[in-house]
Amino acid sequence: MRTRSADLAAMFEYFTTSGLDVDVAGLRRDYPEVGWHSFAEWADAQDWTTLLASAPAHQ
């Protein structure tokens, strides 16, 4: 990961060491206008063929 993106590596290291505590139910309750969705719902809505075709090749 670090060879591809130092920023992403730092983010994942933070999540692993410090964690991330989010009150998802509270956010949904307090901001219903946002149109919340789960990661699975987001992933299902993506055109993965197009996204992966435009991704740089791994070296």
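How many Å² does the protein chain expose, and what share of that do carbon and sulfur atoms supply? In this predicted model, the exposed area comes to about 5,500 Å², and carbon and sulfur atoms account for 59% of it. Buried residues, for their part, make up 5% of the 59 residues in the chain.

The overall outline fits into a few numbers. Taken along the principal axes, the C-alpha atoms fill a box of roughly 45 × 30 × 15 Å. The radius of gyration of the protein chain is 16 Å, whereas a compact globule of 59 residues would come out near 10 Å. As for charge, the chain carries 4 positive and 9 negative charges, and the mean positions of the two sets sit 6 Å apart.

The secondary structure is quickly told: there are four helices and zero strands. Read from the N terminus on, the order is simply α-α-α-α. Helix 1 takes in residues 6-17, which is 12 residues. At 1.5 Å a residue, a helix of that length should span 16 Å, and the end C-alpha atoms of helix 1 are indeed 16 Å apart, so the expected and modelled spans agree. After helix 1 comes glycine 19, which has a positive phi, near 85°.

Aromatic rings give the model some local detail, with four aromatic pairs in the structure. One of them joins phenylalanine 12 and phenylalanine 15 in an edge-to-face arrangement, with 6.4 Å from centre to centre and 80° between the planes. Why are these two residues about one helical turn apart? Phenylalanine 12 and phenylalanine 15 are three residues apart in helix 1, and that spacing is why about one helical turn separates them. An α-helix has 3.6 residues a turn, so residues three or four places apart point the same way. Both side chains keep some exposure: phenylalanine 12 counts as partly exposed because its relative accessibility is 40%, and phenylalanine 15 falls in that class too, at 35%.

A second example is the pair made by phenylalanine 39 and tryptophan 42, where the ring centres are 5.4 Å apart and the planes meet at 35°, so this pair is tilted. These two residues belong to helix 3 (residues 39-44), and because they are three residues apart there, about one helical turn lies between them. Their exposure can be set side by side: phenylalanine 39 is exposed, at 63% relative accessibility, while tryptophan 42 is partly exposed, with a relative accessible area of 34%.

Ring pairs also build up a cluster, which links Phe12, Tyr14 and Phe15. Two of its members, phenylalanine 12 and phenylalanine 15, are the edge-to-face partners described above.

Methods: Residues numbered from 1 in each chain as written. Predicted model: local features only at pLDDT ≥ 70, side-chain atom pairs only at ≥ 80, totals over all residues. Heavy atoms only, no water. Rg over C-alpha atoms; globule rule 2.2 N^0.38 Å. Buried < 20%, exposed > 50% of the residue type's maximum accessible area, 1.4 Å probe, protein only. Areas by Shrake-Rupley, 256 points an atom, 1.4 Å probe, with all protein chains shown as cover. Lys, Arg positive; Asp, Glu negative; His and termini not counted. Charge placed at Lys NZ, Arg CZ, Asp CG, Glu CD. Expected span 1.5 Å × (residues − 1). Phe/Tyr/Trp six-rings, centres within 6.5 Å; stacked < 30°, edge-to-face > 60°.
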